[in-house]
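Grab a pencil and work through these exercises with the model open beside you. Try each task before you read its solution.

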Amino acid sequence: MSKFFSRPFRSSSRSGLPSAIYLLEWAGLLVVLFIIAQVAGLRSFTSVLNGTIGSTNMDWNSAALLGVAYVLIYLGVVIVVPILVLAALILRIWRKILATKGAADESRANAQAQRG
Amino acid sequence: MLRIKRILAALLVLTIATAIWVPCLHLVFARPVSNFRQAEGLSPKARQLAARHLQLWVDPDQRQKELERMRASNAEWDFMGRTFLVWSLANMGLRDPGSKPVYLRTMDQIIDETLRLEKENGMYFFLMSYAQPGRYVMKPERSLFLDGEIAVMLASRRMLEEKEEYKKLLTERVDLMTEGFHRSPHLLLESYPDECWMFDHCLALDALKMADYLDGTDHSKLIHDWIAMAKLKLVDRESGLLLSSFTTDDVPLGGPEGSSLWMVAHSLQILDPEFAHDQYQRARRQLGEITLGFGYAHEWPKTWVGPANIDSGPVVPVFNISAGSSGMALIGASAFDDEPFLKSLNATLDFAAFPSRKSGRLKYCASNQVGDAALLYAATLGPLWQKIEGAKR
């Protein structure tokens, strides 16, 4: 865990771009949370959205809290996870472009130095 | 400096990713309309929703649990869950004659139990608690909400297959309502003490129309007079939409609310098709929305300020999405063959109502039994109204 999420915007390369892995780690965490919520049966508590209690064995506030928690985790998986994955992909492409450009600049500089 | 650069780069890629994903999100949930409703036969979704409801009526424990959850919020939902299911089963029987015996058995079970509960506990059993301390203006005290919907239940059953025992029961309800209308100075009957509802009046008039079809009676003058009165006195001037509730002296109580209007427009289809079409088009323009491929509905038009209530359900801020109005909008879109709206509403349903499928049975977790029964009605409506319209022609 100490390694996980330990590099908010630390770059693993010289490109100065944030880490794509970091975004994928967050996406992974949201997916794990969703699986836990799903297995725990929190989906049925979303009936709070129409004003019906999720379980008659529970008080209103607790049932509503579980329902709202499920909705937030679900929205995280359906909306945020794909955005994080896409962002990670864009970062990778961006980094590749920068790396290619960097290599080209370097070889051009080396060629100039040799000529000089 | 480098850290700020990285944060800005992260924000930029997240913004680009959001701009790509959000407009595409509806594609994950969008399905052809035929998945929800078909011109003939039953759609896959109708079959799955129906399977779950039929299961509830052979499993008393599960049914009791479901009803208790709803009654903890609103006793009306227990009653309306029954009526929407009976109307759906009548339409399903006409669409799928092979399964008619199962549907008839369930319809009879629901009707008999509902009538028994009403007889044993009185009409307040199916009304919200504020009905009891109030005083009904009209005597003897009756609720048009119960009389109208029970009459439509009985008529729907008889339209699928005649049952002699229900003929007398339907005639009794129809006579009670007709006498009430004739005694009322403004042609308005109460559902709650000095509280009349457009939804209940339109369904009561549907029951009269169905009784005319079944028993050869003629309530056309009453229906005509009532609609003429409603056009004159019960329409909100700014939106042109019908008001949802009013007193027995035709003083408005609630404005045009989406959770009533979509069903009202559908119910008007057999009473005054042109007016029905006009009301649907107005509701579609002023209450219905499609944003990024997702359909939803407001509870109130922009010209009316009203609070969220038990009918509207919680209202999502910013977009003003009403769960109640959006659910009932499926009935309107289905009844008026508004395919783009129906398709987008369905995408929202599968995105935000949390479908749960088990052994071929479908329920929406964000809904409840009455909500799912209304969805089933939206997925199956048509044949009952077509029968009446066919007879008229």
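## Exercise 1: A helix in chain B

Start at the far end: just after H13(B), Phe354(B) takes a positive phi of about 55°. Keep in mind that you are looking at a predicted model.

**Task.** Check whether the length of H13(B) fits its number of residues, then work out how enclosed the helix is.

**Solution.**
- Step 1: Count. H13(B) covers residues 339-352, so there are 14 residues, and at 1.5 Å a residue they should span 20 Å.
- Step 2: Compare. The end C-alpha atoms are 20 Å apart, which agrees.
- Step 3: Look at burial, where the cut-off is 20 or more other C-beta atoms within 10 Å. Eleven of the 14 residues pass, so H13(B) is largely enclosed by the rest of the structure. Among them are Phe341(B), Leu345(B), Leu349(B) and Phe351(B).
- Step 4: Find the cover. It includes the helices H1, H11 and H12 of chain B, along with the strands E4, E5 and E9 of that chain.

## Exercise 2: H10(B) and its two partners

**Task.** Decide how H10(B) is oriented against H12(B), and which kinds of residue make up the contact.

**Solution.**
- Step 1: Read the geometry. The axes of H10(B) and H12(B) come within 7 Å and cross at roughly 15°.
- Step 2: Classify. That angle makes H10(B) roughly parallel to H12(B). The crossing is left-handed.
- Step 3: Find the residues. On the H10(B) side, they include Trp262(B), Met263(B) and His266(B); the H12(B) side includes Met328(B), Ile331(B) and Ala335(B).
- Step 4: Sort them. The contact of H10(B) with H12(B) has seven nonpolar residues, six polar and no charged.

**Task.** Now do the same for H10(B) and H11(B).

**Solution.**
- Step 1: Here the helices pack at an angle of about 150°, with their axes 8 Å apart.
- Step 2: That makes H10(B) roughly antiparallel to H11(B). This crossing is left-handed too.
- Step 3: Leu261(B), Val264(B) and Leu268(B) are among the H10(B) residues involved, and they belong to a group that meets H11(B) residues including Phe275(B), Gln279(B) and Tyr280(B).
- Step 4: Sorting the contact of H10(B) with H11(B) gives nine nonpolar residues, two polar and no charged.

## Exercise 3: Over to chain A

**Task.** Describe chain A, then test the length of its helix H1.

**Solution.**
- Step 1: Take stock. Chain A has two helices and zero strands. Of its 116 residues, 30% count as buried.
- Step 2: Test H1(A). This helix runs over residues 20-39, and its 20 residues should span 28 Å at 1.5 Å a residue; the end C-alpha atoms are 29 Å apart, which agrees.
- Step 3: Find what is tucked away. Buried residues of H1(A) include Tyr22(A), Leu23(A) and Leu30(A). The buried residues of this helix pack against H2 of chain A, residues 60-115.
- Step 4: Check what follows. Just after H1(A), Gly41(A) takes a positive phi of about 80°.

## Exercise 4: Where the chains meet, and one loop residue

**Task.** How many residues does each chain bring to the contact between them?

**Solution.** Chain A gives 22 residues and chain B gives 31. The chain A side divides into twelve nonpolar, nine polar and one charged.

**Task.** Is Asn309(B) buried or partly exposed?

**Solution.**
- Step 1: Place the residue. Asn309(B) sits in the loop between E5 and E6 of chain B.
- Step 2: Count neighbours. With 15 C-beta neighbours inside 10 Å, Asn309(B) counts as partly exposed.

Terms used. Residues are numbered from 1 along each chain as its sequence is written. Chains are lettered from A and ligands numbered from 1 in the order in which they are written. This is a predicted model: local features need pLDDT of at least 70, side-chain atom pairs count only at pLDDT 80 or more; totals for chains, interfaces and linings use all residues. Helices (H or I, at least four residues) and strands (E, at least two) are DSSP runs, numbered from the N terminus. The expected span of a helix is 1.5 Å times one less than its number of residues. A residue is buried if 20 or more other C-beta atoms lie within 10 Å of its own, exposed if 12 or fewer, and partly exposed in between; C-beta atoms are placed from the backbone. Two residues are in contact if their C-beta atoms, placed from the backbone, lie within 7 Å. Axes are lines fitted to C-alpha atoms, for helices over the stretch in contact, and angles run from 0 to 180 degrees between N-to-C directions. Angles under 35 degrees count as roughly parallel, over 145 as roughly antiparallel, 65 to 115 as roughly perpendicular and the rest as oblique. A crossing is left-handed if the near helix is turned anticlockwise from the far one by less than a right angle, and right-handed if clockwise. Ala, Val, Leu, Ile, Met, Phe, Trp, Tyr, Cys and Pro count as nonpolar, Asp, Glu, Lys and Arg as charged, and the others, Gly among them, as polar.
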